[in-house]
Structures are given as C-alpha cells and as structure tokens.
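Thank you all for coming. I would like to take a few minutes to walk through one part of a model with you, so please have a look at it before I go on.

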Amino acid sequence: MGGIVKHDGIIERITEGMVCVRIVQTSACAACKVAKYCNASESKEKLVDVRMSDTSRWSVGDRVVVAASQQMANQALVYAFGIPLVLLLVVLVVVLLLTDREDLAGLCGILSLVPYYGFLYLRRSSLQKRMAFWIEER
C-alpha cells in the first residue's frame, strides 16, 4: 500500500518557506447523498502547513491539492494513537496487578501519556522532516 493521500485545499497564507493550506476533511458519510437525513455526516476544516523552499509560484487563494504518502499517514496514526493506547493499557494493567486499586491504575495510565506526548513535542522538528506534506498541481 504505497498510495498517496490527497485533499483539495485553498492557500490561506504564505510565509518564508511555508504555505498554509485550508482543507476540508470529511467523513465517509459526508459524501453520501442521504447523509443530511440521518445527521451522521461530519466535516472539519483544518490548516496544513507545507514546508517548501520556493513559495513564489503560489499566491493566497490558489486552489491546490495537498498530498502525503500513505506510509506517512499510517506512521502518524501509530505515533498519535497506537503507541499511546498500548502504553496506557500496559501501565493500567501493571499498576492494577501491583496495587489492586482501579483508581490508581487509571490515574497512572493517563499520567503515563504526559511524558510520551512531551517526548513527541521535543522531537517535533525531527518528525516534521520525516512526515512532510507537498503541494501538487490541480
């Protein structure tokens, strides 16, 4: 699965080395023709920062396609949800087995995520280099 994830967007602002693109992320239900009758659809506007060396070819208001590799998207999901879930469950079970206190186990499980997300925050520049978006021609 070496595909590409693409979203249509509009350039919101341009700074030195960065293009900020507004995309509308929709659920599968949002594209359904009867979604308005079941109130199941949802869509969110998101801002995506695309780092690039030459921003001169773009201007605010241009319609563009923001793309990322499927591998990068999967990796981001693992870092954001997979590892934290496993960490939380492991700490929860270990503390529960050691203390037999559910309240302490739950608190320790949640608190175990603080250093993990702190670590991700400290490594953000490294992650931004490895997980980058690009702009494709429409």
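Which are the buried residues of α2? Keeping in mind that what we see here is a predicted model, the buried residues of this helix are Gln-70, Met-72, Pro-84, Val-91 and Val-95, and they pack against the strands β1 (4-15) and β4 (63-69) as well as against the helices α3, α4 and α5 (124-130).

Let me stay with α2 for a moment and consider its length. The helix covers residues 70-99, and at 1.5 Å a residue its 30 residues should span 44 Å, which agrees with the 42 Å that separate its end C-alpha atoms. There is also a bend in α2, of about 40 degrees, at Val-78.

After α2 comes Asp-100, which sits in the loop between α2 and α3. Asp-100 has a positive phi of about 60 degrees although it is not a glycine, and with a relative accessible area of 66% this residue, which must be over 50% to count as exposed, is indeed exposed.

That brings us to the next pair of helices, α3 (residues 102-111) and α4 (residues 113-122), which pack at an angle of about 5 degrees with their axes 5 Å apart. Since an angle under 35 degrees counts as roughly parallel, α3 and α4 are therefore roughly parallel to each other. In their contact, Gly-109, Ile-110 and Leu-111 of α3 meet Leu-113, Val-114 and Pro-115 of α4, and by class the contact of α3 with α4 has five nonpolar residues, one polar residue and no charged ones.

Conventions
Residues are numbered from 1 along each chain as its sequence is written. This is a predicted model: local features need pLDDT of at least 70, side-chain atom pairs count only at pLDDT 80 or more; totals for chains, interfaces and linings use all residues. Side-chain values use heavy atoms; hydrogens and water are left out. Axes are lines fitted to C-alpha atoms, for helices over the stretch in contact, and angles run from 0 to 180 degrees between N-to-C directions. Helices (H or I, at least four residues) and strands (E, at least two) are DSSP runs, numbered from the N terminus. Angles under 35 degrees count as roughly parallel, over 145 as roughly antiparallel, 65 to 115 as roughly perpendicular and the rest as oblique. Contact means heavy atoms within 4.5 Å. Ala, Val, Leu, Ile, Met, Phe, Trp, Tyr, Cys and Pro count as nonpolar, Asp, Glu, Lys and Arg as charged, and the others, Gly among them, as polar. The expected span of a helix is 1.5 Å times one less than its number of residues. The bend at a residue is the angle between axes fitted to the seven residues ending there and the seven starting there. Buried means under 20% relative accessible area, exposed over 50%, partly exposed in between (1.4 Å probe, protein chains only).
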